[in-house]
Amino acid sequence: MATTLLRGGHVMTFDADGHEYRDGCVLVVDDRIQFVGACADLPRRPVDRVLDVTGKLVMPGLVNGHSHLSMIFGRTLGPEKRLLEWLDVQMPLMEAFDEEAMYVAQMLGCLENLKNGNTSLVENLFSTHPDGYMPEDAAFQAISDAGIRGTVARAFEGRHFRPSFMETLDQQARRVTDLAHRWHGAGDDRLRLSIGPLLPWCMTEEMYRETRALADDLDLCLHMHVAESPEFNQLIARHFGREIRQVELLHETGCLGPDVQVAAVSDVSQREIELLAETDTRVLLDPPTRLFWGTGFPALKPFLDAGLTCGLATNGPAANCGQDLFESMKYACATAKTAADDPLALSRHRVLRMATSEGARAIDRDHQAGRLEVGMKADLITVDLRQPHLSPTLDIASALVFSAKGTDVREVMVDGKLLIENREALFIDEGALLRQADVIARRCLRDAGLHRYLHQ
Ligand SMILES: [Zn+2]
């Protein structure tokens with residue numbers, strides 16, 4: 001039985017009553033929290049390791065509800081392109097991946113997420129289907145090796161997409177069933193699988209219904225992009241040959257519910273918000289990426305008024321060039337205030353819950369992560385408050401949302417294992433990984449014929 005005590009920090013629990021402890025302690029036994037509270041109340045017992053976290057904040061690890069780690073080698077490429085043109089750069093690059101490239105991309109993405117304080121993530125993986133290996137296996141292996149709490153949300157493309165990425169419903173069923181049996185719930189439920197369409201015009205209505213049936217058969221969540229922009233809704237109407245919006249289409253095909261996560265939501269009507277609320281569908285918001293594309297952002301306050309469970313996301317590292325959920329918190333508040341013309345549209349306390357406890361609920365991890373409570377999995381981070389840009393720290397919640405950055409995270413623990421200490425990765429040689437990623441990314445760019453991006 002391994003015991004670790006974090007002692008002397010300011011502890012924010014994000015439990016139902018929002019308990020905080022100024023001189024707080026968190027005792028971790030194996031993979032779970034056994035005590036959280038004031039140090040004065042800590043029962044006396046021997047511990048294997050004491051971490052002095054004086055001057056630091058201790059809080060639950062952040063929950064990044066939607067990313068594309070497989071696109072990490074495309075970071076910084078095509079930042080002035082429109083979204084669908086940008087995909088035309090990214091997809092050839094991903095077609096050049098082999099198993100090693102996929103594994104290293106995923107590992108680099110896990111490391112970046114952990115160093116930003118994200119202890120849970122959803123990797124929305126879309127990939128070609130090469131002979132000889134399953135890209136999802138490489139992703140799961142990297143997530144397993146890194147130690148992060150991760151779901152691979154496998155994307156389906158049935159039509160109107162780059163041919164090497166497409167598959168039939170039968171192929172989807174066969175591959176998903178195989179993956180579910182080998183990975184879903186592995187690592188004491190640290191690893192999970194979910195499925196869903198990548199883009200709505202890759203689907204027929206039958207494909208939506210069959211994908212929903214497959215998820216039900218295997219007890220998987222659905223995870224998908226929804227209504228990313230007004231252009232997307234126009235494309236949906238054209239492809240389905242009638243005036244229908246995406247959330248309405250999902251409702252008709254049975255693809256809404258508490259086990260459904262809709263990501264990157266931007267252009268939704270009041271009726272669509274009501275449908276999401278009536279079905280208790282979970283919403284994942286990525287404001288920095290919406291601003292990166294310049295395609296508009298959701299009003300957000302109507303989501304909160306409707307009682308929706310909302311989590312936060314960064315989206316992929318190539319789509320906003322980072323994985324910093326502190327940035328997502330700040331821009332969620334900024335866009336909500338702007339859209340509503342109301343400084344009270346989204347409070348700092350609510351957005352912090354969206355990044356922790358509410359975010360964990362949004363991705364069906366609320367019994368594991370997002371709160372520091374006795375019996376919960378020990379997924380936690382420390383944030384160094386003793387820095388110029390966080391001083392004076394008169395209001396910690398405000399400092400976290402509006403001043404802190406992912407680089408202020410010092411320690412990261414998942415499942416009771418310390419993965420980052422004083423910003424140093426303990427599970428991998430970071431320098432060697434960065435060198436390997438650079439070599440592989442350049443090789444993939446050359447193989448993809450994207451030489452023009454090698455010399456910028
Ligand atoms: Zn996305």
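Colleague: Which helix does K301 lie in?

Modeller: K301 lies in helix α11, which covers residues 301-305. Keep in mind as we go that this is a predicted model.

Colleague: Is K301 buried, partly exposed or exposed?

Modeller: The idea is to look at how much of a residue's area is accessible. K301 has a relative accessibility of 24%, so it counts as partly exposed. Leaving aside neighbours within four places in sequence, K301 is in contact with A340, D342 and A345.

Colleague: How do I read a residue that counts as buried? Let's take P92: where is it found?

Modeller: P92 is found in helix α1. Its relative accessible area is 13%, and buried means under 20%, so P92 is buried. Not counting residues up to four places away in sequence, P92 touches L87, R162, A448 and L450.

Colleague: Now the metal, please. Which residues coordinate the zinc ion?

Modeller: Look for the atoms that act as donors. Here the zinc ion is coordinated by NE2 of H66, NE2 of H68, NE2 of H225 and OD1 of N315, at 2.1 to 2.4 Å. Along the chain, these donors follow the spacing H-x1-H-x156-H-x89-N. The pair H68 and N315 links distant parts of the chain, 247 residues apart. H68 sits in the loop between β6 and α1, while N315 sits in the loop between β13 and α12. Both H68 and N315 are buried.

Colleague: What do the angles at the zinc ion say about its site?

Modeller: First the general idea: ideal angles are 109.5 degrees for four tetrahedral donors. In this model, the angles among the four donor atoms run from 90 to 168°. Four donors count as tetrahedral only if all angles lie between 85 and 135 degrees. The site of the zinc ion is irregular.

Colleague: Which residues lie nearest the centre of the largest cavity?

Modeller: They are H68, L83, W86, H225 and E228, out of 15 lining residues. Two of these names should be familiar, since H68 and H225 also coordinate the zinc ion. The elements that give two or more residues to this lining are α1 and α10. The largest cavity holds about 150 Å³ of space, and the count comes to three cavities of 30 Å³ or more.

Colleague: How much space lies in the largest pocket?

Modeller: About 360 Å³. The largest pocket is lined by 15 residues, and F73, R75, T76, D438 and A441 lie nearest its centre. Helix α17, residues 430-447, gives the most to this lining, with six residues.

Colleague: What should I look for in the backbone?

Modeller: Signs and exceptions are a good start. Most residues other than glycine have a negative phi, and most peptide bonds are trans. In this model, D219 has a positive phi of about 60° although it is not a glycine. A264 also has a positive phi, near 65°.

Colleague: Are D219 and A264 buried or exposed?

Modeller: D219 is exposed, with a relative accessible area of 66%, whereas A264 is buried, at 1%. D219 is in the loop between α6 and β10, and A264 is in the loop between β11 and α9.

Colleague: And which residues does a cis peptide bond join?

Modeller: S391 and P392, with omega about -10°. You will find P392 in the loop between β14 and α16.

Conventions:
Residues are numbered from 1 along each chain as its sequence is written. This is a predicted model: local features need pLDDT of at least 70, side-chain atom pairs count only at pLDDT 80 or more; totals for chains, interfaces and linings use all residues. Side-chain values use heavy atoms; hydrogens and water are left out. Donors are N, O and S atoms within 2.8 Å of the metal (3.2 Å for Na, K and Ca); water is not among the atoms, so sites may look incomplete. Four donors count as tetrahedral if all angles lie between 85 and 135 degrees; four count as square planar and six as octahedral if opposite donors are over 155 degrees apart and all others between 65 and 115; anything else is irregular. Helices (H or I, at least four residues) and strands (E, at least two) are DSSP runs, numbered from the N terminus. Buried means under 20% relative accessible area, exposed over 50%, partly exposed in between (1.4 Å probe, protein chains only). Contact means heavy atoms within 4.5 Å. On a 1 Å grid over the protein atoms alone, a cavity is a set of points where a 1.4 Å probe fits but cannot get out, and a pocket is an open set with protein on both sides within 12 Å along at least five of seven lines; lining residues have an atom within 4 Å of a point. Grid points are joined across faces, edges and corners, and a volume is the space filled by probe spheres set on the points.
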